[in-house]
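Visitor: I would like to learn how to read a few features of a protein model. Please show me the structure and take them one at a time.

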There are 2 protein chains.
Amino acid sequence: MKEFELLKIASEFFRDEDVEVPATMHDAAYVRFGKDFLVLTCDTVNEMCDFPPQMLPEEFGHLALAVTLSDLAACGANPLFFLNSITLRTPDTMLVRRIFRGMKKLAKRIGIKIVGGDIDRSNVLSITGFAVGHTSKIITRSGAKPGEKVYITDVTGKAELSIRELKKGKGRNNIPFPDKVFCPEPRIQEGIAISKIASTLTDISDSLAISLHNISKSSGVAIELDISKINLDPLEKFVNKQEALNLFLYGGGDYELLFTAKESDIGFEIGEVTRGESVYLNINGRKRHIKFLGYSHF
Amino acid sequence: MKEFELLKIASEFFRDEDVEVPATMHDAAYVRFGKDFLVLTCDTVNEMCDFPPQMLPEEFGHLALAVTLSDLAACGANPLFFLNSITLRTPDTMLVRRIFRGMKKLAKRIGIKIVGGDIDRSNVLSITGFAVGHTSKIITRSGAKPGEKVYITDVTGKAELSIRELKKGKGRNNIPFPDKVFCPEPRIQEGIAISKIASTLTDISDSLAISLHNISKSSGVAIELDISKINLDPLEKFVNKQEALNLFLYGGGDYELLFTAKESDIGFEIGEVTRGESVYLNINGRKRHIKFLGYSHF
């Protein structure tokens, strides 16, 4: 996947920076400030990749903030400050108002302060969000140990399934999970709670498979999902078993959290950490390899 | 100017946030953190507005960092951390390497850590930069008092003059001030020194006139420039007197600093703060009004 080649270049260039955890190693960067850590992250969403034609401008603003908050959630960080840089074709004041309205509504609910921004011209409508969070503890993708269990905050695949139905021509209220597409909920409170009990934590934006591989590789362990533990009913209402499994593993855009822990009351258990490497799915005793596959911008 | 209408909307939406200084009131936001302040800012540059065809990818990276650093300089802040979000048409690894090379070179020299980023797809090549700085003192555009003097770190208009010559077909080495276009120098050290002695401080990115009006309005004072104090020789080598004056007042893209102080060893004195409102130029005893005019994205 080309996107990961590009991120690898970033990692090569900037790995010698003297910081606790650069963002190339996790969903966001941890930098020491005083006795605690600031968590810094940025994300761009634009009309070419991220805004379906049915999406409202208020939802552009919501999404830009939500995807950035999801990175903070993946660090168990308290959200503090948000800035955004918007590019527009024309100085459409109504469009800007509607974007800000959606952004502000989510910001107020989550409790993050929107402190600045920038508006520029471009042929592509885009919003880049920057978030600053705060935590006293570092949790990353490395630290998973054999014997621990693997959890997710919700079954993945709902966003991809919904987008497919949209693309087939269904209306925005007639797709299976409209909220997953139009106003995904960042798992901030879950992230803070999980970070206290988990050994690793990451968000799932490109696919569950990619996030699993990232933890497996960073922690130097294998991960084995157990099909008997996974409830795919929400997806199987709409597609067959095989299709539901594919959506669950390889669908993008869900913004749920994935974590490993000895035991957790939060989330759904889907498998376990074992010795070895890579990621597998156990179906009635038969181990199948899970591919490194998911959403890619290129 | 349409751009300021858009920024006014941002100000309306987010002025109730409980922060020390929101970015809508200055070049960057000041937020309290511990006993000091973090300074937060973001800026987008793209090939439609900011990269002349003669510009090299290394210079895209330099520019993206430099314009963001200029906002920190305008707060007298020490640069700490930088993140960037790049959008590309295709996953061109060589282009990304060259952008990072230019960015890294400037970052090393200035001493800011590049800790994260994001690469996405778009039809327009763009780089959004996000910088975190640190200061123990707030300096803004309000605070200028009648009797103080007005200073700039260098004569403005050089960037606009150089871009005009480029557009006429001159080669990148045959324009008057190539560095002002291809690798502008953020005034970080000057900003830190100025913040210790000045009553107001801002950067000049859209034009000197706009920055003067911003200080005049925020401080509730008039500003009177004195033509006899202003050395336009660097511009008059290339254009006539009237043209040089227009470039000086209304040209964009210089990234110099403008400040007011009782007295300063740094920078060039260009006029004084007086009672009243708006901005004027004194030419041999005749006061002319300086318009609110400069570079605008729209």
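Guide: Start with the length of a helix: its expected span is 1.5 Å times one less than its number of residues. Keep in mind that this is a predicted model.

Visitor: How many residues does helix 3 of chain B have, and what should they span?

Guide: Helix 3 of chain B runs over residues 93–110, which is 18 residues, so the expected span is 26 Å. The end C-alpha atoms are 26 Å apart, in agreement.

Visitor: What is found at the two ends of helix 3 of chain B?

Guide: At the N-terminal end, D92(B) acts as a cap, with a side-chain oxygen 3.1 Å from the backbone nitrogen of M94(B). After the helix comes G111(B), which has a positive phi near 85°.

Visitor: Which parts do the buried residues of this helix pack against?

Guide: The buried residues include L95(B), I99(B), F100(B) and K104(B). The buried set packs against helix 1 of chain A, and also against elements of chain B, among them helix 2, strand 3 and helix 6.

Visitor: Now a charged residue. Is D118(A) buried or exposed?

Guide: D118(A), in strand 4 of chain A, is buried and has no salt bridge. A salt bridge needs the charged atoms within 4 Å, and the nearest side chain of opposite charge, R141(B), is 10 Å away. The side chain of D118(A) does make a polar contact with that of S85(A), at 3.3 Å.

Visitor: Which residues are the bridge partners of I152(B)?

Guide: In strand 9 of chain B the partner is L258(B), and in strand 10 of chain B the partner is F268(B). Strand 6 of chain B pairs antiparallel with strand 9 over four bridges, and four bridges also join strand 6 to strand 10, again antiparallel.

Terms used: Residues numbered from 1 in each chain as written. Chains lettered and ligands numbered in written order. Predicted model: local features only at pLDDT ≥ 70, side-chain atom pairs only at ≥ 80, totals over all residues. Heavy atoms only, no water. Buried < 20%, exposed > 50% of the residue type's maximum accessible area, 1.4 Å probe, protein only. Contact = heavy atoms within 4.5 Å. Polar contact = N/O pair within 3.5 Å; in protein donor to acceptor, adjacent residues only side chain to side chain. Lys, Arg positive; Asp, Glu negative; His and termini not counted. Pairing = 2+ DSSP bridges.
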